[in-house]
Amino acid sequence: MEIDKLKRGLFGYKKESVYQYIASVEDDFSSKLLEKDDEIKKNEEIYLSKINKLEEELKEVKRQYEEQKGEKTVVAATLIEARRFAEQLKKETEEKENKALKEFENELSKKRKELKEYQEQIENLRKTIVSMLNETDGKIKNVENEIETVKQACPGKNMTLFERKKEISEK
């Protein structure tokens with residue numbers, strides 16, 4: 001308070017002077033208050049625009065976050081599905097491999113049995129041929145013996161038709 005601006009009267013300060021002083025202080029205060037209100041309004045507008053801008057940025061960040069979250073979910077689901085598919089393929093491949101191996105082993109076993117049968121047939125055929133040759137050889141010897149017997153029984157007769165050539169019998 002500036003007391004020296006107040007006018008003095010007989011019994012103290014003049015009322016009019018005090019009222020003027022109060023009015024001037026009030027005017028100063030009102031003008032300062034209006035300035036402050038204007039400044040507050042400007043600041044409020046600035047802060048509101050900043051808030052709006054930040055809210056928009058926040059919305060954009062949330063949208064991007066949701067997109068990324070969705071993409072992560074898709075990627076995770078894709079990875080899980082890929083793993084499942086890989087496991088299924090692996091299982092199917094192992095099953096096919098086992099099935100093919102069993103079929104191969106069965107086929108190999110069948111072929112071995114067939115080969116064994118063929119060997120047995122060849123051995124039986126060989127034995128049969130050897131047996132037939134031996135039997136034929138024995139019959140030929142019997143026939144030769146009979147021819148000799150007949151020759152000896154008929155000493156003067158011509159028996160050249162019944163003789164075998166030496167070359168054939170020696171073979």
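Reader: What pattern does the chain follow, read along the sequence?

Author: Happy to start there: the chain runs β-β-α-α. Please keep in mind that this is a predicted model. Its chain holds 2 helices and 2 strands.

Reader: How do you know that helix 1 reaches close to the span expected for its residues?

Author: Helix 1 covers residues 15-153, and it has 139 residues. At 1.5 Å a residue, 207 Å would be expected. From the first C-alpha to the last, the helix reaches 198 Å, which is close to that value.

Reader: What share of the chain is buried, and which residues of helix 1 are among the buried ones?

Author: Buried residues account for 3% of the 171 residues. In helix 1, S17, Y21 and I147 are buried. To earn that word, a residue needs a relative accessible area under 20%. As for the surface, the chain exposes about 16700 Å², with carbon and sulfur atoms supplying 56% of it.

Reader: What makes R63 and E67 a salt bridge?

Author: The test is a side-chain nitrogen of Lys or Arg within 4 Å of a carboxyl oxygen of Asp or Glu. For R63 and E67, the closest N and O atoms are 2.2 Å apart, so the pair meets the cut-off. The general idea is a friendly one: side chains of opposite charge can pair when their charged atoms come close.

Reader: Why are R63 and E67 said to be separated by about one helical turn?

Author: Because they are 4 residues apart in helix 1, about one helical turn separates them.

Reader: Why is R63 called partly exposed, and what about E67?

Author: Partly exposed is the class between under 20% and over 50%. R63 has 38% relative accessibility, so R63 counts as partly exposed. E67, at 41%, counts as partly exposed too.

Reader: How do you know that R84 and E81 form a salt bridge?

Author: Their closest N and O atoms are 3.2 Å apart, and the limit is 4 Å, so the pair qualifies. R84 and E81 both lie in helix 1, 3 residues apart, about one turn of the helix. R84 has a relative accessible area of 49% and is therefore partly exposed; E81, with 46%, is partly exposed as well.

Reader: What makes K139 and E135 a salt bridge?

Author: Here the N to O distance is 3.5 Å, which again satisfies the 4 Å limit. K139 and E135 are 4 residues apart in helix 1, so about one helical turn separates them. E135 is partly exposed, with a relative accessible area of 45%. Elsewhere, salt bridges that share partners join E60, R63 and E67 into one network. The structure holds 7 salt bridges.

Reader: Which residues make the nonpolar surface patch, and what makes I46 eligible for it?

Author: The patch is made by I46, Y47, L48 and I51, and its area is about 380 Å². I46 lies in helix 1. Patch residues need over 30% relative accessible area; I46 has 43%, so I46 passes that step and counts as partly exposed.

Reader: Which residues gather in the patch of negative charge on the surface, and why is E103 called partly exposed?

Author: E103, E107, E114, E117 and E120 gather there. Glu counts as negative, which explains the sign of the patch. E103 lies in helix 1, and since its relative accessibility is 45%, E103 counts as partly exposed.

Terms used: Residues numbered from 1 in each chain as written. Predicted model: local features only at pLDDT ≥ 70, side-chain atom pairs only at ≥ 80, totals over all residues. Heavy atoms only, no water. Patch = residues over 30% accessible without salt bridge, like charges linked within 9 Å, V, L, I, M, F, W, Y side chains within 5 Å. Areas by Shrake-Rupley, 256 points an atom, 1.4 Å probe, with all protein chains shown as cover. Charge placed at Lys NZ, Arg CZ, Asp CG, Glu CD. Buried < 20%, exposed > 50% of the residue type's maximum accessible area, 1.4 Å probe, protein only. Expected span 1.5 Å × (residues − 1).
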